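Subject: Structure for your review

Hello,

I am passing on the structure we talked about. Please find it below, followed by my notes.

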Amino acid sequence: MALKATVFKVQLQIADMDRNYYQDHSLTLAQHPSENDERMMVRLLAFIINASETLTFTKGLSAEEDQAELWDCDLTGNINLWVEFGQSDEKWLRKACGRARQVQLFCYGGRSVPVWWKNIEPALQRYQNLQVTDIPETAVKEMAALVNRTMQLQCNISEGQIWLSDASQSVLIEPVVLKPLQQPG
């Protein structure tokens, strides 16, 4: 018998001073049986960083191979933003970069990230529409401590610092951009 996803409800208030984005979101996160709390919270963080009215979670780890886990599509079906997680291989990122206007990869995993990055960085430099960001291990673990089946979270973003809080604790997240988007030209 296949295991079912665990459903989490999130009431999220975002105050992003860097983008002048202030909005409340009611989200439903489905955690795949093979997904841990850390990975789920990195997905939520990626949503927070890119929040918009058209940004949506897909079926995630259960999705078809040609879907991002989080993406922003326009009304014609064009993919404006494709978001990936973990330490993806170059082949998968090449496919995403060919399909979307912008691709973001959020890495996490502590000490394994620099080893992975050293091996893959030369191959990824040619993708101008790809941004690679590392989420520090301490922040990922602290975000996982916020996990509850129903979460009420507040997020404040200013000058690249992200504060994620619930009623009893706050987490400071300072993402590290390993590869920024490159301006064409």
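The notes below go through the sheet, the hairpins, the aromatic residues and one histidine. Please keep in mind that this is a predicted model.

Sheet and helices

An open sheet holds 6 strands in the order 3-4-5-6-7-11, and its pairing is mixed. The edges are taken by strand 3 (55-57) and strand 11 (176-179); each has a single partner strand, so one side of each is left without a neighbour in the sheet. On average, neighbouring strands in this sheet are turned by 25 degrees against each other, direction ignored. At the strand 11 edge, strand 7 (residues 130-134) pairs with strand 11 in the antiparallel sense, over 3 bridges. Within that pairing, Thr133 is found opposite Val177 of strand 11.

Two helices lie across strands of the sheet. Helix 1 (residues 37-50) crosses strand 3, strand 4 (70-73), strand 5 and strand 6 (100-107), and runs at about 155 degrees to strand 5. Helix 3 (residues 112-124) lies across strand 6, strand 7 and strand 11, at about 170 degrees to strand 7.

Hairpins

Strand 8 (residues 150-158) and strand 9 (residues 161-165) run antiparallel and are joined by 5 bridges. Ser158 stands opposite Gln161 of strand 9. The hairpin formed by strand 8 and strand 9 has 2 residues between the strands, and Glu159 takes a positive phi there, near 50 degrees.

Strand 9 is also joined to strand 10 (residues 170-173), again antiparallel, by 4 bridges. Here the hairpin connection runs through 4 residues, and Ser165 stands opposite Ser170 of strand 10.

Aromatic residues

The aromatic pairs come to a count of 5. In one of them, Trp82 and Trp92 have ring centres 6.1 Å apart and planes at 65 degrees; planes over 60 degrees apart count as edge-to-face, so this pair is edge-to-face. The pair links distant parts of the chain, with Trp82 in strand 5 (residues 79-85) and Trp92 in helix 2 (residues 90-99), 10 residues apart. Trp82 has 0% relative accessibility and therefore counts as buried. Together with Trp71, the residues Trp82 and Trp92 form one aromatic cluster.

Trp116 and Trp117 are another case: their ring centres are 5.8 Å apart and their planes stand at 40 degrees, so the pair is tilted. Both Trp116 and Trp117 are buried.

Two arginines lie over ring faces. Arg19 is placed over the face of Tyr21, 5.0 Å from the ring centre. Arg149 is placed over the face of Phe8, at 5.8 Å from the ring centre.

His25

Is His25 buried or exposed? Its relative accessibility is 8%, and buried means under 20%, so His25 counts as buried. His25 belongs to strand 2 (residues 21-31). Its side chain makes a polar contact of 2.7 Å with the side chain of Tyr21, and Tyr21 is the residue whose ring face lies under Arg19. Leaving aside residues up to four places away in sequence, His25 touches Val10, Gln11, Leu12, Ile14, Phe47, Ala51, Ser52 and Glu53.

Regards

Terms used. Residues numbered from 1 in each chain as written. Predicted model: local features only at pLDDT ≥ 70, side-chain atom pairs only at ≥ 80, totals over all residues. Heavy atoms only, no water. Phe/Tyr/Trp six-rings, centres within 6.5 Å; stacked < 30°, edge-to-face > 60°. Buried < 20%, exposed > 50% of the residue type's maximum accessible area, 1.4 Å probe, protein only. Lys NZ or Arg CZ within 6 Å of the ring centre and 35° of its normal. Pairing = 2+ DSSP bridges. Polar contact = N/O pair within 3.5 Å; in protein donor to acceptor, adjacent residues only side chain to side chain. Contact = heavy atoms within 4.5 Å. Axes fitted to C-alpha atoms, helices over the stretch in contact; angles between N-to-C directions.
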